[in-house]
Structures are given as C-alpha cells and as structure tokens.
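The following exercises are to be worked with the sequence and the model side by side. Each task is followed by a solution in steps.

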Amino acid sequence: MLLAQISDTHIAPSGRRTYGFVPMAENLQKCVAHINTRPLRPDLVVLSGDVTNDFSRNEALRAKSILDGLDMPYVVIPGNHDDRDVLYDVFAGPACPGRVAGFICYTLDLGPLRLVALDSTRKGAAGGELCKTRRDWLEMQLAGNDKPVILALHHPPLACGVPESDEDGFLGAGELGEIVARHSNIERILCGHIHLHTHARWNGTVVTTAPSMGMPLDLDLTQARPSRFLIDAPAYLLHHWTGAGNLITHHVRVETLDGPYEFADREEAE
Ligand SMILES: [Fe+2]
C-alpha cells in the first residue's frame with residue numbers, strides 16, 4: 001500500500017503565479033508527472049490542504065484541472081487558504097467524498113489501512129480547530145475498529161517551533177490529543193500548513209508534516225521575525241505501508257538528479 005501526500009499547493013488564479021512570482025501551478029504539474037512515473041504506483045494521493053492560495057473558485061478549478069492529470073485517485077482536505085464550500089463545490093465526488101455538517105470530513109477504507117480525513121479549518125482564522133461536531137464525528141469513525149488509521153488534517157495539532165503552528169494555534173488540540181491517546185491504532189497523523197517536513201511524537205503516535213509544493217519556510221526557529229518563504233523544488237511524501245506492518249515515509253524532491261548508479265566500482269577514465 002503506497003500513499004502519496006502532497007500539500008500546500010497554493011494555486012493562483014489562471015494565468016497568474018502565486019503572489020505574482022511563485023510558479024506553484026507549474027510545480028504541481030511537475031509533481032503530478034513525477035508521481036505518475038513512480039515505479040511503484042501510489043494507490044492514492046492525499047492533498048493535505050491549502051489547495052488554493054486565496055479561497056477562489058477559479059484557483060480551485062485550476063488546481064483540479066492539474067490534479068485530474070494524476071493516473072490514480074486523489075482526495076483533498078481544506079486548509080486555511082481554502083474555502084470549504086468552494087472546495088466541496090469543485091471537488092465533490094471521488095476527490096472529496098464526504099461532508100459532515102458542512103465540514104469536509106470523510107473516511108476511506110484503503111485495504112490494510114483506513115484514512116480518516118478531518119477538516120481542521122476555522123473560518124476567518126489561520127489556525128486549526130476541532131469543534132464538538134468534528135470531535136463527535138471523529139470519535140464515531142474510530143469506535144469499534146482496530147484497523148490501523150492514518151488521520152489526515154491540515155493543521156499540526158502541536159507547536160512545531162514556527163509561527164504557523166505556535167502563533168496560529170489549534171483550538172481543541174487538547175481534546176484531539178485525548179482522543180488520539182485512547183486509540184493506539186492511529187498509526188500516523190499527516191498534516192501540512194507549516195511548509196516543512198517534520199516528525200514529532202504526540203500522544204502515542206507520530207505527527208508528520210509535509211513539505212510544500214516548492215514554497216518552504218525560511219527556517220530559523222527563533223520566531224524573532226515574521227515568516228518568510230523560499231522558492232525551492234517541489235517535494236512530496238510517499239508513505240509506504242510495508243508487508244511488515246510499518247508505515248515508512250520517504251521525502252521525494254521533484255528535480256533532476258545525477259544518476260542512478262550501481263553500487264559497483266567503475267574503471268576510471270584514462
Ligand atoms: Fe500553506
């Protein structure tokens with residue numbers, strides 16, 4: 001079972017670059033092409049939020065037209081740069097298979113795993129939220145089923161040492177932590193939002209955040225100045241559920257590298 005995770009694509013309206021100069025749509029196109037050529041084909045691609053940059057239908061439609069180029073199914077969850085109603089309107093169907101009281105929340109059976117996709121957005125706010133409606137829904141999804149779960153949501157529910165998590169915050173993170181601590185079958189929590197690839201132990205599981213589609217944070221960890229971003233090659237994660245029952249995560253950069261080479265001596269050129 002192979003799951004690809006892409007995140008924070010921040011697609012601008014047609015004909016424009018994100019913030020006027022960042023080639024996010026081109027980056028996503030490159031990423032889609034790269035995923036399509038994986039020797040082991042991902043069973044599913046999860047886009048963990050911030051599909052659009054500025055909430056618009058035009059951006060969502062543009063993102064969809066690129067994502068539809070994937071050779072395998074994909075699903076989206078909303079981030080704080082998305083409007084959940086716009087997202088559902090554009091992606092409803094296999095890419096957005098469920099809604100709970102207006103929130104984009106759904107569960108998919110992936111064979112050996114279950115994917116529980118949770119809308120962590122809070123209208124008008126940058127930070128995350130688990131309200132009572134979503135908390136009750138999550139409890140229902142987890143009740144009475146011991147199959148390993150991947151919980152996907154946009155906002156990491158812990159302070160990661162950068163303003164995007166520490167200042168933006170997550171209302172209800174404590175309650176989410178209590179739920180997670182009671183379910184040892186939650187194999188992993190997959191998030192986006194901070195535009196950095198990180199791993200952290202949290203309430204008995206591991207929270208992983210995905211790199212962005214080529215807009216990583218300029219990492220300094222002092223939080224002494226406002227966040228800035230860099231322009232980099234797009235990157236994504238491959239989560240490989242092996243036959244041994246471990247979820248192994250690989251960070252893939254979409255760029256042309258020298259190689260591959262065999263592990264063997266080669267004659268030096270005269
Ligand atoms: Fe983002």
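**Exercise 1: A residue with positive phi**

Asp50 has a relative accessibility of 1% and therefore counts as buried. The model in which this value was computed is a predicted one.

Task. State where Asp50 is placed in the chain, and what is notable about its phi angle. Then treat Leu221 in the same manner, and decide whether Leu221 is buried or exposed.

Solution.
1. Asp50 is placed in the loop between strand 2 (44-47) and helix 2.
2. The phi angle of Asp50 is near 55°, a positive value in a residue other than glycine.
3. Leu221 also has a positive phi, near 65°, and is likewise a residue other than glycine.
4. The loop that holds Leu221 runs between strand 11 and strand 12 (235-241).
5. The cut-off for an exposed residue is over 50% relative accessible area. Leu221 has 53%, and therefore is exposed.

**Exercise 2: A residue of helix 2**

Task. Determine whether Ala63 is buried or exposed, and which residues Ala63 touches beyond four places away in sequence.

Solution.
1. Ala63 belongs to helix 2 (residues 57-67).
2. The limit for a buried residue is under 20% relative accessible area. Ala63 has 0% relative accessibility, so this residue counts as buried.
3. When residues up to four places away in sequence are not counted, Ala63 touches Ile11, Leu28, Val51 and Phe91.
4. For Val51, a distance can be added: its C-alpha atom is separated from that of Ala63 by 6.9 Å, and the two residues are twelve apart along the chain.

**Exercise 3: The nonpolar cores**

Task. Find which members of the largest nonpolar core touch the most other members, and which helix gives the largest share of this core.

Solution.
1. A general tendency serves as a starting point: in soluble globular proteins, nonpolar side chains tend to be buried together.
2. The largest nonpolar core has 50 residues, of which Ile6, Ile35, Leu67, Val76 and Phe91 touch the most other members.
3. Helix 1 (residues 24-36) supplies the largest share of this core, six residues.
4. Another core, of 23 residues, lies apart from the largest one; among its members are Trp137, Val149, Val180 and Trp202.
5. Ile35 may be examined singly. Leaving out residues up to four places away in sequence, Ile35 touches Ala4, Ile6, Pro42, Val45, Leu70, Met72 and Tyr236.

**Exercise 4: One side of a helix**

Task. List the buried residues of helix 6 and explain why they lie on the same side of this helix.

Solution.
1. In helix 6 (residues 173-181), the buried residues are Ala173, Leu176, Gly177, Ile179 and Val180.
2. These residues lie on the same side of helix 6 because they cover an arc of only 160° around the axis.
3. The elements that cover them include helix 4 (132-142), strand 7 (149-152) and strand 9 (186-191).

**Exercise 5: Charged side chains**

Task. Describe the salt bridge between Asp85 and Lys123, and state what Glu164 contacts while having no salt bridge.

Solution.
1. In general, side chains of opposite charge can pair when their charged atoms come close.
2. The structure contains 16 salt bridges. In one of them, the side chains of Asp85 and Lys123 meet at 3.6 Å, N to O.
3. This pair links distant parts of the chain, 38 residues apart: Asp85 is in helix 3 (residues 84-91), and Lys123 is in the loop between strand 5 (114-117) and strand 6 (128-129).
4. Asp85 is partly exposed, since its relative accessible area is 40%, whereas Lys123, at 59% relative accessibility, counts as exposed.
5. A second salt bridge joins Glu129 and Arg134, whose closest N and O atoms are 3.0 Å apart. Both Glu129 and Arg134 are buried.
6. Glu129 and Arg134 also belong to a network of salt bridges that includes Arg84 and Asp119.
7. Glu164, in helix 5 (residues 163-166), is buried yet has no salt bridge; Arg225, the nearest side chain of opposite charge, is 9.2 Å away.
8. The cut-off for a salt bridge is within 4 Å.
9. The side chain of Glu164 instead makes a polar contact with the side chain of Ser227, at 2.7 Å. Apart from neighbours within four places in sequence, Glu164 is in contact with His193, Ile194, Leu217 and Ser227.

Definitions and conventions:
Residues numbered from 1 in each chain as written. Predicted model: local features only at pLDDT ≥ 70, side-chain atom pairs only at ≥ 80, totals over all residues. Heavy atoms only, no water. Helix = DSSP H or I, 4+ residues; strand = E, 2+ residues; numbered from the N terminus. Buried < 20%, exposed > 50% of the residue type's maximum accessible area, 1.4 Å probe, protein only. Lys, Arg positive; Asp, Glu negative; His and termini not counted. Polar contact = N/O pair within 3.5 Å; in protein donor to acceptor, adjacent residues only side chain to side chain. Contact = heavy atoms within 4.5 Å. Arc of directions from axis to C-beta. Core = buried A, V, L, I, M, F, W, Y, C linked by side-chain atoms within 4.5 Å.
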